[in-house]
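Please open your viewer and keep the sequence panel beside it. We will go from stop to stop, with something to select at each one.

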Amino acid sequence: KRILENKSEAAVLTETLEKEKSVYDDVTKKLTEMDNIYQEHQRQQEHLDREMDNLRREHRDTQQRYHMEHSRLESLRNLTERYDGFGQSIKRVMEQKKQYPGIIGVVADIIRVQKEYELAIETALGGSIQNIVTDSEETAKRLIEHLKKINTAVLLFCLVTSVGKNQSRSQSRGFKGTGVLGLASSLVQADKEYEGLIRYLLGRVVVADTIDHAIAIARKYHYSLRIVTLEGELLNAGGSMTGGAFKNTSNLLGRRREIEELETACNGYLKQTDSIQQELSLQEATAAENEGNF
């Protein structure tokens, strides 16, 4: 009887043991699955942390580049507004710009030049680059009277309404030869209303790539042309040359181009910073959600 009872109890215990083993296996499987999920969660979190660190670093770098470029931009704007590098007479007149609406600006303000031609065009213009451009003879007359009153040297004025008016386009005929890049007037951009002025100032100057080619061109046309090279050497009609240490290096034309480039760069950095910040905010939200769901 005891043997039978023990056998019966053993059978019950064996059945219970099998059930508990099944439960144990299920729990072990769930623990393994949870551990895998945890490990994947950790990998995702570490990836998000790396991504956020990269974004924060990129954000800082972009902001730093923006501040550097913006500082340079403000400096150039200040130089331009003060007409730094121009004669004192020019500065005095430009200070009166608000009182004389007819003042358009100086020649350097109204033309745009590609970087590779800046030195050549500035050399070709010479002192004319600082000439004040007015809308009419009347405005020029009033400015000259003002200069007389303050005992300042009278300046040369380029009048949009008269200068270059009678200069025909036929004067801008092409000149051929190895190294000829074109007439200086064809290598600058300006509003249509200033085309006559540009032809007057630059319509008789040939731009060559090198001094050797410039000399060959001058010989070909019997030294009747004014030729300027990309390096700023100037060959005058008659054969005299200017160059070397006497080259014009003020780069007044380059300021406007650099300001435009810096403005574009700063706007780009601002957009990039906003984009990075939005992406960073999204990543931070994803990281917080990922952390809260575990």
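What follows is a short tour of a predicted model.

**Stop 1: the whole chain**

Start with the full protein chain in cartoon view. There are eight helices and 10 strands to find in it. Buried residues account for 35% of the 294 residues. Now switch on the surface: the chain exposes about 18,300 Å², and carbon and sulfur atoms supply 50% of that area. If you like contact maps, note that among contacts with a separation of 6 or more, 67% join residues 24 or more positions apart.

**Stop 2: a patch on the surface**

Next, select Val 23, Val 27, Leu 31 and Met 34, which together make a nonpolar surface patch of about 380 Å². Zoom in on Val 27, a residue of helix H1. Is Val 27 buried, partly exposed or exposed? Its relative accessibility is 42%, so Val 27 counts as partly exposed, because that class runs between 20% and 50%.

**Stop 3: two loop residues with positive phi**

Move along to the loop between helix H1 (2-81) and helix H2 (88-95), where Tyr 83 is found. Tyr 83 is not a glycine, yet it has a positive phi of about 55 degrees. With a relative accessibility of 10%, Tyr 83 counts as buried.

Then jump to His 222, in the loop between helix H7 (211-220) and strand E8 (226-229). His 222 is not a glycine either, and its phi is also positive, at about 55 degrees. His 222 has 67% relative accessibility, so it counts as exposed.

**Stop 4: the largest nonpolar core**

Hide the surface and look inside. Which residues touch the most other members of the largest nonpolar core? Select Val 106, Ile 111, Ile 121, Leu 125 and Leu 202: of the 37 residues in that core, these are the ones. A second, separate core of 11 residues includes Val 206, Ala 208, Ile 217 and Ala 218.

Now show everything around Val 106. Leaving aside neighbours within four places in sequence, Val 106 is in contact with Tyr 83 from the previous stop, and also with Phe 86, Ile 90, Met 94, Ile 129, Gln 130, Asn 131, Ile 132 and Val 133.

**Stop 5: helix H6**

Leu 202 brings us to helix H6, residues 195-202. How many of its eight residues are buried? Six are, so this helix is mostly covered. To see them, select Gly 196, Leu 197, Ile 198, Arg 199, Leu 201 and Leu 202.

**Stop 6: strand E7 and its sheet**

Finish with the open sheet of five strands, ordered E5-E7-E8-E9-E10 with mixed pairing. The edge strands are E5 and strand E10 (241-242), each of which pairs on one side only.

Select strand E7, residues 205-208, and show its side chains. In a regular strand, side chains alternate between the two faces of the sheet. Here Val 205 and Val 207 point one way, Val 206 and Ala 208 point the other, and all are buried. You met Val 206 and Ala 208 as members of the second core.

To one partner, strand E5 (residues 180-183), E7 pairs in the antiparallel sense over three bridges. Val 180 is bridged to Ala 208, and Gly 182 to Val 207. With E8, the pairing of E7 is parallel and runs over four bridges. One pair to pick out is Val 206 with Ile 227 in E8.

Definitions and conventions:
Residues are numbered from 1 along each chain as its sequence is written. This is a predicted model: local features need pLDDT of at least 70, side-chain atom pairs count only at pLDDT 80 or more; totals for chains, interfaces and linings use all residues. Side-chain values use heavy atoms; hydrogens and water are left out. Buried means under 20% relative accessible area, exposed over 50%, partly exposed in between (1.4 Å probe, protein chains only). A nonpolar core is a set of buried Ala, Val, Leu, Ile, Met, Phe, Trp, Tyr and Cys residues joined through side-chain atoms within 4.5 Å. Contact means heavy atoms within 4.5 Å. Patches are made of residues with over 30% relative accessible area and no salt bridge: like charges are joined within 9 Å, nonpolar side chains (Val, Leu, Ile, Met, Phe, Trp, Tyr) within 5 Å. Accessible areas come from the Shrake-Rupley method with a 1.4 Å probe; for residues, only the protein chains shown count as cover. A salt bridge is a side-chain nitrogen of Lys or Arg within 4 Å of a carboxyl oxygen of Asp or Glu. Two strands pair if DSSP finds at least two bridges between them.
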